[in-house]
Structure formats: C-alpha cells, structure tokens
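Visitor: Could you take one helix of this structure and describe closely how it packs against its neighbours?

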Amino acid sequence: MIRVTIEVNGKKVSKDAPDHTILSVFLRDNLNLTGTHVGCDTSQCGACVVHVDGKSIKSCSTLAVDINGSKVTTIEGLAKEGKMHPMQEAFKKMHGLQCGFCTPGMVMSAIDLLQNKKNPSDSEIREWLEGNICRCTGYQNIVAAVKEAASKM
Amino acid sequence: MKTFNYHAAKDVKEASKLASNSSAFLAGGMTSIPSMKLGLATYKDVIDIKHIKKLSGIKVSGKSVTVGATTKHAEVASSKDVKKAIPSLAKLAGGIGDAQVRNRGTVGGSIANNDPSACYPSACMALNAIIHTNNRRIEASKFFKGMFETALKKGELIEAVEFKIPEKSNYQKHPNPASRYAIVGVYLAKHKKEVNVAVTGAKSSVYIDKDLSKALSSSFSSSAIDGMELDSSEMNSDIHASAEFRASLVTTYAKKAVEAC
C-alpha cells in the first residue's frame, strides 16, 4: 500500500491504495467519481482523459501514485455553481454526443486543445482528437461543438 | 495488473541501485503501463525516474540538440529551440501517438523500449545521436540491437540523447491509422559528409538503408532514388502492409523526405 495525496476538483484527497492502482480506478472506485469512463483500457480510446496539472492525459495508463502532489480535474470538476462549462454547453447545443460514453474524455481533451490553440481549424480539431474515439461516429457534431465552444471561451 | 513495489527515485544513483533483474524504470509509462496491464510484462519493482530533475530538459549548442531522457514529446514538439535547430525532430515528436500520449511519453522511454515501429529510434540513427547513460556514451548505431533490445545493461539508465544538427533533414511517416505507430517511417538527414536514411517500422528493428543513403550521398535529389527497388526479404508483413508494400513505401517516403528538405 502507498499513500496517494492529490487535489481532485479543488479538494485535497489523501488515501492509501495498492502501489499498482491505476488513476482511472482510483478516481472511480476510491473517490466514486464515475464520470471518468474506461473504454478500451489500453490508452487508445480516450474515454478516460482527465487533466493533471492542467494538461490532458489518459488516466487508464497512469498510476495514481505517479501523480502524487498534482492537481487533477475530472469532468465532475468543470461545472461551476451549477452552470455547465462552455465546452459542455457547446456539446449539448450542437448535439456533440449520442450515447455519451466517449463524451467526458472528448470534453476534457477539447478543453486542453483550446488551452493550446484558441481558434483551431476543423483539421486541427480532428488532429487533436485523434486519441478520442466515438463509436457512434458522431464526429461532425463533436467538431462543431468544439468550434462553438471556441467562439464562447 | 499484477502488483509491484513503486519507488520514486530521488536521483540517478538511487534509481540505479534499486534496479534488479525484475525491475523497470518508469518514465511516461505510455508503453510500460499498458504492457503491465495486459500481462505482457511483470515486475517486482517499478522505479519512477520522473522526479529526477536533471533528466528533463532541452539544451541546444552549435552542433547538437540534447534532450533529457524524461523530456516529454509535447515539450520537444513545441520547443522553439528544437524547431530552429532540427525542425524535423520537433515534427517527429509532434506526430507520436496522440496529444495525451505526447503529454506523458518520453524520448528515453521510447528508445529504451526500441519498438520496431517507434519514431524516435529513426531520429537517433539518422542524426548520429549519442545516448548518454549514467556510466557511458553509446552511439545510436550500437544502441539498437534488435526487436525491443538495446545495448543497455541492468541498472543502466538513459540520462539524455544528443542529436547532431544536420544541414538538412526531414521525417516522413506512413502511420497506422489507429495507433499512429509507423507502418513505415523514414528519417532523412544530410550531414556535411554523408546522408543517412534511417527506417523504422519496416524491419524487426530500426536500420540505416545503405542503398538509399549511398545514392543520396552522391546526388541529393529525389531523382537519384526514383524507382529504386529495395530488398523486401527481411521486411515485416502483416494485415496492415505486406513486405513488398513496405519496401515500396520506404523509397516513396525517402523521396518525399528529400523533396521536403
């Protein structure tokens, strides 16, 4: 067992977990933050994307202990005072989701894109979302949602 | 995933001391963690080297670009210094995996793993890189020993990779559409006295294509290698590309690289 001390969505968390605990498991099973989804579990589909110290990473391929001392933001940490994040609003408005399974990862990844590039082109959005797979194949509306969010953020 | 003991090493000495026959160094973990999860690799001890400050960072001198072992792909891709000194190296780093993999994956991890389809080994070969470890300097041509094999010994840790700045260079990749690994990747570098054409993805390990390198050393133009047929007998063949197709891709992408220089 090893102590994992991180800040998750603004709250400090300190829990013992087995050394090999994966971050996605730590978030879902230990903290009950089930908004972070686990799809392929081999770092290809991107459903598990969260932010660690402001950068998007795949939580299914990161050890919880590995990010000791870091700040983590999950999909649950985006809404402020009951108001959705502009990226969440945009996904809703532009129908950027169908089944919704990939959506938390898509949203977290897309926010990181806008941190790097304020007004990305269609191809830049598609390139950035390379590591996020939507099996409903709703990419057109996902790209439209990211563009919509870019105009609001 | 099977359990292991996690250690966060404070310095290189401690990391090396903790190493054993059943340990692994952990940097970005973009290959090692999925491998452990899939049961392809099991270790008693996992030694995290990410917190060792001196292993990270980029230094550019007049002759070379030195990238610390735990420097992430995203840092190399966005580095103004790298873009200026060896633009093709920044381009290569920016094309690895996806944005999240580039936010975690490291150059040291990539070359220590020596995946036959990884991008970085080709840069090392083409740019006559020196691999600096905690106890020696290894030339790239002597570092990559075969599929997933390197010259690294037990407890030996890569500290940095020193890439020689070429006159001109370019990297062209035919990526697997899902993983973005190279089905074929060609790194072309024109140095003062020689041209290196390093190829990844085509064979069991990265290599310098001697025929292409020789032809381009005599005449640095795409017409010098136009239609050159390469021996495909040792090339990989799988559902993505046959050996013959890979051989043809190597020439095609070498031509593209020359034209892009």
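Guide: What follows is a close look at one helix and two of its helix contacts. The model is predicted, with local features needing pLDDT of at least 70 and side-chain atom pairs counting only at pLDDT 80 or more, while totals for chains, interfaces and linings use all residues. Residues are numbered from 1 along each chain as its sequence is written, and chains are lettered from A and ligands numbered from 1 in the order in which they are written.

Helix H2 of chain A covers residues 86-93 and helix H5 of chain A residues 139-152, helices being DSSP runs of H or I with at least four residues, numbered from the N terminus. The axes of H2(A) and H5(A) come within 8 Å and cross at roughly 135°, where axes are lines fitted to C-alpha atoms over the stretch in contact and angles run from 0 to 180 degrees between N-to-C directions. H2(A) is therefore oblique to H5(A), a term for angles that are not under 35 degrees (roughly parallel), over 145 (roughly antiparallel) or 65 to 115 (roughly perpendicular). The crossing is right-handed, the near helix being turned clockwise from the far one by less than a right angle. A:Pro86, A:Met87, A:Ala90, A:Phe91 and A:Lys93 of H2(A) make the contact with A:Ala145, A:Glu148, A:Ala149 and A:Lys152 of H5(A), contact requiring C-beta atoms, placed from the backbone, within 7 Å.

Turning to helix H3 (residues 103-116) of chain A, its axis and that of H2(A) come within 10 Å and cross at roughly 125°. H2(A) passes H3(A) in a right-handed crossing, and the contact is made by A:Met87, A:Gln88 and A:Phe91 of H2(A) with A:Thr103, A:Val107, A:Ala110 and A:Ile111 of H3(A).

Key
Helices (H or I, at least four residues) and strands (E, at least two) are DSSP runs, numbered from the N terminus. Two residues are in contact if their C-beta atoms, placed from the backbone, lie within 7 Å.
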